[in-house]
Amino acid sequence: MSVTRRGFLTLKRPGGRVVTPSAGALPPGWLDGSAIGARGLEAEAAEEWQAVGRRGGARPDGPSGPSIKLSSNENPLGPGRAVLDAITAGFGNAGRYPFNVNPGDGQLLEMIAAGNNAQTENVVLGAGSQEILKVAVWAFTSPSRPLVTASPTFENATRVARNMGHPVVEINVDSRFRLDLESMLATVRGAGLVFVNNPNNPTATVHGGKTIADFVERVRRISPDTVILIDEAYHEYVTDPDYESAIPLALSTPNVFVARTFSKAYGMAGMRIGYGVGTADTIAPITRLRMPYNISVFGVAAAMAALGDPAHVEAERTRNTAVRAFTQKALEDLGCQCTASNTNFVFADIGRPNAEFRSACAEQGIQTGRDFPPFTGSHARISLGTMEEMQKATAVFRNVLRPATPVGGGTR
Amino acid sequence: MLTRRKFVHTVGMGAAGALTASYIGARGREDALWSLSTPLEASGAAQAQTMIPLSSNENPLGPGQVVLQAIQDAFGPQGATPGRYSNATGALRDALSGHLGVTPENLTLGCGSTQILRTATHVYTERTRALVGTIPTYEECAGYAAMLGRPVRAVSLNRNFQMDLDELADASRGAGLVFYCNPNNPVATYTGAQATRDFIARVHRISPDTRILVDEAYFDYVTHPDHESMIPLALEDPRVIVARTFSKAYGMAGLRLGYAVAHPDAIRTLSAWDSGSGTSSLNVLALHAGVAAIGQGTAFTDAERARNKAVRDFTVKWFADRGMRSTESHTNFIFTNTGMPARQFRDGCLAKGVRVGRDFPPFQNEWCRISLGTMEEMTKAVAVFGEVLGKVAVAAA
């Protein structure tokens, strides 16, 4: 059955628990350095599996063949032929710095600027959007100017700020697993940076264009020096008709900028290319702090080829939408409600600790997402593979979820 | 369409106008000049390919064939691998630790050694703890420190363009980090291993809390008799960090891959600062390429060192025969007194299809850094140098 937004609010699991996301308290220290180690996020999740294999523990490959990786929100098909051809065509440039190659990173910058009706001074390239996020925290937060962010959300900015000893204010998502912008607004006065992940990873929900614009306007009124970073990593996957990119807003509003990535719908997570867009004054400090020539010559060639092949992304959106509908239905048939996903992953109430679900799926060759406090006891993030992969994966989910008695879902 | 004249003009403007320390720091060393030029239009591609690039200390031959094959293989059966986050850092760390005789806990990877240099500068200097380095040297650390508002102490080279180790040790008192680029870019000179060890010991006596970052970017090009890496020292001493890169002898500047070797305590400090962004800045093709590059064994770098030395000897002799002195180079570039302002020499060469190095104060009025291309390229390049310097027909001496 399909769940309407209204129905979702009061939905009860068989165990009788009402999902009340914003009531969940954060376990102390859940995001401290020791818990995280030295590596990062989606990349870390990818490596975790390799490390498991290297240690000779549980194999990442299931008994019936190679594992299906649904843990890092990647495009399972990767980039298009045009991109791969662009990489091999660039082999002669492998020994040259990216600025000595033509076309080089300067041309990529121009192409991105032109595609967004902007100038090159409005754009900054990052080694993945993670570098943009990291540098934004460096540039805009301080011991007296906190980071305001959500929980759960993409953890990168939070981790960087904590690492620097800069204060972090985390606002739990609302009862529909959306960013609680109203509550965030109450904390922005004097903040250095507000991180708005729209759509939000891991909860998959999105806010409409007008809601974001209103939020920005109110932040600007309350705290004009606060910088607002809107991370649109999953922009290309959104199907909500109310959604609009904040790039036009960022280009006309001081202290607002948007981060984008080639890691998701463009299928180029391994190439590490992201960018930020905003007014020249907002982008300048990020450009100063980002690493010089942070994009490889192959990354430059790949990104330019990808931008020249919009049909590939369009097809990816359509493909993902169908897989998402299939997967959500399969999970809901198992009694696992999903949030309103506008991304290439779903956030599902599995009614048991995620670690338990993840291990059980791994035993059967399916890699699912890491823990996302405060929902470690109840929710799993499942990235969407191909339709064929999801048919296999949902069969595994059925095996894993059916026989088990839900244990203590949601409570910790 | 971009004309050659326009190209020269825009580059000249950049050289005159914007090469401040903060600018270099913001953009990095090797592209400080070139990124200022108007980007080449697509129609200018053919022209750009005829330019002999002797400005960025690259290996003109690029990586070995097995490296390119590894990149292609990394596409995977359906070409999906570039769509996945990199999962090959473990393999590269294993390959490197085997190659260097260290443990994976002694290594951290970077998006070029640039990331290593920036991170070390970020974590080991403070507003009260300076960065110390020679002038000139590779600008990344000093430029970045200046941008962060950290003090920078610059120590002049000695008469032979060697690092003045006495002065450098004195300047290290109370400093956060000494940047010790050996061989030293742009002057190409090398300080022997024993002298370096003595220097490090002396810094420890004078200033026990000061870290020393030994940048061995050009290690594989050194032909000095007392040539040893400082890696063994770094493994035992958390105050010493060695930076390495795949951008030089391995011919992989375009891939953006470097690493640090250090005591596990130092590695933890460096990688913790990047808060997970360390490996996430590495592209998956570079990781596979790095494994393949290491797999070539020392035969590849030995051959590249020998090839480079022949080209270096040829180029140095060409200048010497015409009365122009070069420093004692242990790198894939030379630092030569042409007697002409570097900018004038550079513009003159550029107009004839050869790109040489940027200005390196305080030597920009007479000295130029010239990266070494292939023997064929250098044979053409010296003909251009002769025309620009007015020494076409006969040796000036």
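Trainee: How many of the five residues of β9(B) are buried, and what does that say about the strand?

Mentor: One thing to keep in mind as we go: this is a predicted model. For burial, count how many other C-beta atoms lie within 10 Å of a residue's own; 20 or more makes it buried. In β9(B), four of the five residues pass, so the strand is largely enclosed by the rest of the structure.

Trainee: Which strand does β9(B) pair with, and in what sense?

Mentor: Look for the bridges. Here five of them join β9(B) to β11 (residues 367-371) of chain B, and the two run antiparallel. If you want a landmark in the pair, F335(B) stands opposite R369(B) in β11(B).

Trainee: Where does the domain assignment split chain B?

Mentor: Domain 1 covers 4-63 + 299-389, and domain 2 covers 65-297, according to that assignment. The contact between them takes 34 residues from domain 1 of chain B and 36 residues from domain 2 of chain B. You'll meet our strand again here: α2 (21-27), α14 (298-321) and β9 (333-337) of chain B each supply at least two residues of the domain 1 side that touches domain 2.

Trainee: Which element gives the most to that side of domain 1 of chain B?

Mentor: That's α14(B), with seven residues. By class, this side of domain 1 of chain B has 13 nonpolar, 14 polar and seven charged residues.

Trainee: Let's try a single residue. Is V123(B) buried, partly exposed or exposed?

Mentor: Do the same count. V123(B) has 17 other C-beta atoms within 10 Å, so it is partly exposed. The residue is in helix α6 (residues 112-124) of chain B. Setting aside residues up to four places away in sequence, V123(B) touches T269(B), L270(B) and W273(B).

Trainee: How far apart are V123(B) and L177(B) in sequence and in space?

Mentor: They're 54 residues apart in sequence and 9.3 Å apart in space, C-alpha to C-alpha.

Trainee: Over to chain A. What is the strand order in its seven-stranded open sheet?

Mentor: For a sheet, walk from one strand to its partner until you run out. In chain A that gives β2-β8-β7-β6-β5-β3-β4, with mixed pairing. At the edges stand β2 (123-126) and β4 (168-172) of chain A; each has a single partner strand, so one side of each is left without a neighbour in the sheet. On average, neighbouring strands of this sheet are turned by 25° against each other, ignoring direction.

Trainee: In what sense do β6 and β7 of chain A pair?

Mentor: They're parallel: β6 (residues 227-231) and β7 (residues 256-261) of chain A share four bridges. Within that pair, I230(A) stands opposite V258(A) in β7(A). For a helix on the sheet, check α7 (residues 156-164) of chain A, which lies across β3 (147-151), β4 and β5 (193-197) of chain A and runs at about 135° to β3(A).

Trainee: And the core: which residues have the most contacts inside the largest one?

Mentor: The general idea is that nonpolar side chains tend to be buried together in soluble globular proteins. Here the largest nonpolar core has 222 residues, and V194(A), L229(A) and A302(A) have the most contacts inside it. Helix α12 (residues 297-307) of chain A gives the most to this core, nine residues. As for L229(A), its contacts beyond four places in sequence are A136(A), L193(A), V194(A), F195(A), V196(A), F257(A) and A259(A).

Note on methods: Residues are numbered from 1 along each chain as its sequence is written. Chains are lettered from A and ligands numbered from 1 in the order in which they are written. This is a predicted model: local features need pLDDT of at least 70, side-chain atom pairs count only at pLDDT 80 or more; totals for chains, interfaces and linings use all residues. Two strands pair if DSSP finds at least two bridges between them. Axes are lines fitted to C-alpha atoms, for helices over the stretch in contact, and angles run from 0 to 180 degrees between N-to-C directions. Two residues are in contact if their C-beta atoms, placed from the backbone, lie within 7 Å. Domain bounds come from an automatic or database domain assignment. Ala, Val, Leu, Ile, Met, Phe, Trp, Tyr, Cys and Pro count as nonpolar, Asp, Glu, Lys and Arg as charged, and the others, Gly among them, as polar. A residue is buried if 20 or more other C-beta atoms lie within 10 Å of its own, exposed if 12 or fewer, and partly exposed in between; C-beta atoms are placed from the backbone. A nonpolar core is a set of buried Ala, Val, Leu, Ile, Met, Phe, Trp, Tyr and Cys residues joined through C-beta atoms within 7 Å.
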